[in-house]
Amino acid sequence: MICQTIKTGQDCSFMTKKGCGFNGGSCNTIVDLCGDCTKILDISTGKYCKVYPNPAVKWTSGNCPTASHIKKDIAENTQKINPLKASKRASKH
């Protein structure tokens, strides 16, 4: 449904016919860690996350899973090869 409380006009999964069903009755503003994320909605009442109604909770266990401003490092697991064993295996063929 369309939000009628804070993010007026935005689609919200917590909005019901009785009002906002989120804990506390409205969304919370973003935290400093959200920084330059592309999922920030800047409206007259403040800055809010488009994805999560309480973005502070998503930062408690590390990085926010949908943060667009953080690059995820993917480490490649390279296995060290013993050159002596590799040469023996190559000579068998």
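Let me start with one residue, A56, which is partly exposed at a relative accessible area of 33%. That value falls in the partly exposed class because buried means under 20% and exposed means over 50%. Bear in mind that this is a predicted model.

Where does A56 sit? It is found in helix α1, which covers residues 55–58. Now take A56 together with L33: the two are 23 residues apart in sequence, and their C-alpha atoms are 8.5 Å apart in space.

Next, the overall layout. The protein has 4 strands and 2 helices. Going along the sequence, the pattern reads β-β-β-β-α-α. Helix α1, with A56 in it, has been covered. Helix α2 spans residues 83–92, and K85 lies in it.

K85 brings me to the surface charge. Which residues gather with K85 in a patch of positive charge? They are K88, R89 and K92, and the patch is on the surface.

Now the dimensions. Along the principal axes, the C-alpha atoms fill a box of roughly 75 × 25 × 20 Å. What is the radius of gyration of the protein? It is 24 Å, whereas a compact globule of 93 residues would have one near 12 Å.

Last, burial. Of the 93 residues in the protein, 25% are buried. A56 is not in that group, because its relative accessible area is 33% and buried means under 20%.

To recap: four strands come before two helices in the sequence pattern, K85 lies in helix α2, and the radius of gyration is 24 Å. That is what I have.

Conventions
Residues numbered from 1 in each chain as written. Predicted model: local features only at pLDDT ≥ 70, side-chain atom pairs only at ≥ 80, totals over all residues. Heavy atoms only, no water. Patch = residues over 30% accessible without salt bridge, like charges linked within 9 Å, V, L, I, M, F, W, Y side chains within 5 Å. Areas by Shrake-Rupley, 256 points an atom, 1.4 Å probe, with all protein chains shown as cover. Salt bridge = Lys/Arg side-chain N within 4 Å of Asp/Glu carboxyl O. Lys, Arg positive; Asp, Glu negative; His and termini not counted. Charge placed at Lys NZ, Arg CZ, Asp CG, Glu CD. Buried < 20%, exposed > 50% of the residue type's maximum accessible area, 1.4 Å probe, protein only. Rg over C-alpha atoms; globule rule 2.2 N^0.38 Å.
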